[in-house]
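Here are my notes on the model you sent over. Have it open while you read.

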Amino acid sequence: AAPTQPVAAIKRTTAAQSVSPALPRQATAAKTMGKVFFRFGNKEYWCSASSIAAKNHSVVATAGHCVYDPRQAKAAENWIFVPNPGPNGETPDGIYVGASISVHEDWSGRGDYDYDYAFVTVHRGFSWTAKAGAYVMEDIGRLQDNVGGQGLELNKKPSTYTEAAFGYPAGAQPDGTRPFNGKALQACPGSVTRWTGALSLELQKGVRLQPCDFSPGASGGPWLLDYDKDRRLGNLNGVNSLTWDRDAAGAYDAVSSPYFDTTTGEVYRYAAAQTTLANVM
């Protein structure tokens, strides 16, 4: 996988519209959620993520810390998205290499967790196909065409709705237990409230979903409003950013996200307007 291109750090400019979800071509249900794999230096990491509907059919939504480390002022390398991964490393819906990443300038410049989200424009997908005793890369087309895309909902007032967070948690709980292994998609339906309890992280306009026992590995997974279990589609209204053990009882019991507002929509729109050489093949 090739390194991602330089980061686009977006400022607030003009109003952005919400986006409707999209089914994949020739399918009645989406398969948008998956894992992203990447490196910072010589260390390998993975997070959760989802495909989001876009005019270029090629955008992945995840957490900002899953694409860019502001402490090192460095973008992730060898970044790939694997939707609907199998429990043993299978890639049934292909592999999508990051082409460019779009984040808010306050994430890349300050590490402000009010902007811990990112939208990654990806190349056309590929799969490994056995031919004549060897494996060759085979082009399988654009991400959204293959798996669909979640919608985007902006400026929802907290405490007025419930939604579900999704992800692939795997890390330890505060007490050291590991109830998740990262191999299966997990969901946390819950209530959303305003959350500003982490001023040391500059989190001044976050939102919190509870109850939720997600652990590391779920970072970047989508928060979805109006989720349709049959179509597996809803409207993206946040991403897993930070987990919390609010009562210090040894287990995570809440997860927080940056508040998705007009500025979030502008970062998304920039990613949705990008093209790659692979997109026009």
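The points below go from the core to the surface and then to the salt bridges.

1. A word on the basis: this is a predicted model, where local features need pLDDT of at least 70, side-chain atom pairs count only at pLDDT 80 or more, and totals for chains, interfaces and linings use all residues. Residues are numbered from 1 along each chain as its sequence is written, and side-chain values use heavy atoms, with hydrogens and water left out.

2. The largest nonpolar core (buried Ala, Val, Leu, Ile, Met, Phe, Trp, Tyr and Cys residues joined through side-chain atoms within 4.5 Å) has 52 residues, and W79, F119 and L236 have the most contacts inside it. Apart from it sits another core of 13 residues, including V207 and L225. Buried means under 20% relative accessible area, exposed over 50%, partly exposed in between (1.4 Å probe, protein chains only).

3. Now the salt bridges (a side-chain nitrogen of Lys or Arg within 4 Å of a carboxyl oxygen of Asp or Glu): the count is ten. One of them joins D145 and R25 at 3.4 Å, N to O. D145 lies in helix 2 and R25 in the loop between strand 1 and strand 2, so the pair ties together parts that are 120 residues apart in sequence. Helices (H or I, at least four residues) and strands (E, at least two) are DSSP runs, numbered from the N terminus.

4. D145 is buried at 11%, while R25 is exposed at 56%. R25, R142 and D145 are linked in a network of salt bridges.

5. R71 and D69 also pair up, at 3.1 Å, N to O. Here R71 is exposed at 76% and D69 buried at 6%.
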